[in-house]
Amino acid sequence: MAPRRRLSPQSVWDCEAVTAAFEAAGANTKHIPRLYNHLIRHPGSSWHDVPDLPKAAAAALDTGFALHTTRLLGAQRSCDGETTKLLVQLQDGLQVEAVVMEYDNTDRYAAPQQPDEEAQGQQGAQQQQGAQQAQGSGQQQQQQQGGTAGGAGEEEEEEEEEDDEFHDALSSLGEAFQLMGGRRATLCVSSEVGCAMGCTFCATGTMGLTADLSAGEIVEQLVHARRVAQIRNIVFMGMGEPLNNYGAVRSAVGMMTDPRYFGLRRKKVTVSTVGVIPRLLQMADDMPGVSLALSLHAPTQELRQTIVPSAKAFKLDRLMAAVDEYQQRTLQSVFVEYVMLGPDVNCTPEHAHQLGELLRGKDVLVNLIPWNPILSPSISFAAPAEGATAEFHRILRYEYGVNCTIRAEKGQDISGACGQLVLEHGGRLATAGTAGSCGGKTGLADVEDLLPPPVQPRAQQAAAAVAAR
């Protein structure tokens, strides 16, 4: 358990703390959404700039809060320009890291487009083919076309309604916010300084646990990251075990997804855990719609407890039963993170078959993560052998029917990739993994690409079918 921290002032981005302060001062809490809406829309402004904010509310904020209790010490950008690692200092001198990863999946979601001449030529071919059909086929074709138009309209209506379910605070800045396709960014946030779980392959695990972050300190990572890119996805996969700092993570997630504040879609926020079972089940009730990622890393209890020491307390059979219960209560798919540790620690064909048996028939998506190099005397793993990850993927996907992807390397050259976040004592950045390359162009990019592509309206499906002929 992390030592208790006494923070003064508190962060204005801690919504629960602000609510309590308003109530204690006798200020109406109905002004809180307007407070945050203004701060989000006008970066750099303060609560004194919020129109018609009651004096009692402003006085309460003046007394115990600051606009930022953290400050951005530095930013490292990868050589491909797609990853930025942020070094954030807390008010008591402790430091954490957050990573912004930018992606472009325009091609994945692009609707099929054809030049006018080609489209006209295909339309003529369709007409000629229709004329050769048996008597009565023309009437049937008209009925199908009528049904297609109606279906497309209904689906477009549904998509519009879904878009209206949340307010995106970024759109208030006057920039178009594409929900699918195009460039977007994912923020990997830290929830603790260090980590108590001690995963043997993870740089953060070598630090031990120093402190829990407050909800405001977690949200401020998003505030800082918005200066780098428009954030559309958030993953709690930075420093720390999120479910061991449950209250702060729950509060931060609530603010990130609240349509009155940052308005991120719940399914675009992912909380990762090595398997803190009681909190995992509590998450099903407290954070509905938020995605869950399970850091599994081994197919058997015997192997897992050598890689993930906390597995001795939360055994694999109990953990998988908890995941089943979580899914029964949420009806959500679960991401399974699996770091491939070479040369043969957990990434052989035998391990793949064991994992396939464990996950067969479950609604999960396995994300295979080739191990990233870390310069640490206590870590002696290697990347999997060439072709090992592809074979592992093939066995899971095609022999056991388990949905499976391979994560692309991103930010390895700045120690911003999975498992590389670590700080030396004294607050200096560690040099772990700086020999990495900018490669990382193969495999699936990020958590948003793990989601299935949106169902196209029938009109687009028809056009795509014609184009494929």
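Long-range contacts dominate the fold of this predicted model. Among contacts between residues at least 6 apart in sequence, 71% join residues at least 24 apart. The chain has 15 helices and 14 strands. Of its 469 residues, 51% are buried.

The largest nonpolar core holds 109 residues. Within this core, Trp13, Ile234 and Phe236 touch the most other members. Helix 8 (residues 246-257) supplies the largest share, seven residues. Domain 1 (12-62) and domain 2 (71-104 + 182-406) both give residues to this core, so the core lies between the two domains. Phe236 illustrates the packing through its contacts beyond four places in sequence. Its partners include Val249, Val253 and Met256. Phe236 also touches Val269, Thr270, Val271 and Ser272. Further contacts of Phe236 are Val189, Ser191, Ile218 and Pro242. Another core, of five residues, lies apart from the largest one. Met101, Tyr103, Cys188 and Val235 are among its members.

Helix 2 (32-41) was examined next. Seven of its ten residues are buried, so helix 2 is largely enclosed by the rest of the structure. The buried residues are Ile32, Pro33, Leu35, Tyr36, His38, Leu39 and Ile40. They pack against helix 1, helix 3 (55-64) and helix 8. Tyr36 also belongs to an aromatic cluster with Trp13, Tyr261 and Phe262. Trp13 thus appears both in this cluster and among the residues that touch the most other members of the largest core.

The loop that precedes helix 2 was also considered. Ala27 lies in this loop, between helix 1 (15-25) and helix 2. Ala27 counts as buried because its relative accessibility is 8%, under the 20% cut-off. Beyond four places in sequence, Ala27 touches Phe22, Ala56 and Ala57. Ala27 and Ala60 are 33 residues apart in sequence, yet their C-alpha atoms are 8.6 Å apart in space.

Helix 9 (residues 277-286) has a buried side and a face turned away from it. Its buried residues are Ile277, Leu280, Leu281, Met283 and Ala284. These cover an arc of only 145 degrees around the axis, which puts them on the same side of helix 9. An α-helix has 3.6 residues a turn, so residues three or four places apart point the same way. The face turned away from the buried side carries the exposed residues Pro278 and Asp285. Cover for the buried residues of helix 9 includes helix 8 and helix 11 (316-330). Strand 10 (269-273) and strand 11 (291-295) are also part of that cover.

Val274 is found in the loop between strand 10 and helix 9. Its relative accessible area is 7%, so Val274 is buried. Leaving aside neighbours within four places in sequence, Val274 is in contact with Met197, Cys199 and Glu241. Other contacts of Val274 are Leu294, Ser295, Arg304, Val308, Ser310 and Leu319. Val274 and Val336 are 62 residues apart in sequence and 10.0 Å apart in space, C-alpha to C-alpha.

Aromatic residues were then surveyed. A search of the whole structure finds five aromatic pairs. In one of them, Tyr338 and Phe392, the ring centres are 5.3 Å apart and the planes lie at 35 degrees, so the pair is tilted. This pair links distant parts of the chain, 54 residues apart. Tyr338 is in strand 12 (residues 334-340), whereas Phe392 is in helix 13 (residues 388-399). Tyr338 counts as buried, at 0% relative accessibility. Phe392 also counts as buried, at 1%.

Trp371 and Phe381 form another pair. Their ring centres are 6.3 Å apart and their planes lie at 65 degrees, so this pair is edge-to-face. Both residues sit in the loop between strand 13 (364-370) and helix 13, ten residues apart. Trp371 counts as buried, at 8% relative accessibility. Phe381 is partly exposed, with a relative accessible area of 21%.

A charged group also meets an aromatic ring in the model. The charged end of Arg397 sits over the ring of Tyr398, 5.9 Å from its centre.

Note on methods
Residues are numbered from 1 along each chain as its sequence is written. This is a predicted model: local features need pLDDT of at least 70, side-chain atom pairs count only at pLDDT 80 or more; totals for chains, interfaces and linings use all residues. Side-chain values use heavy atoms; hydrogens and water are left out. Rings of Phe, Tyr and Trp (its six-membered ring) pair if their centres lie within 6.5 Å; planes under 30 degrees apart count as stacked, over 60 as edge-to-face and the rest as tilted. Helices (H or I, at least four residues) and strands (E, at least two) are DSSP runs, numbered from the N terminus. Buried means under 20% relative accessible area, exposed over 50%, partly exposed in between (1.4 Å probe, protein chains only). A charge sits over a ring if NZ of Lys or CZ of Arg is within 6 Å of the ring centre and within 35 degrees of the ring normal. Contact means heavy atoms within 4.5 Å. A nonpolar core is a set of buried Ala, Val, Leu, Ile, Met, Phe, Trp, Tyr and Cys residues joined through side-chain atoms within 4.5 Å. Domain bounds come from an automatic or database domain assignment. The arc is that of the directions from the helix axis to the C-beta atoms.
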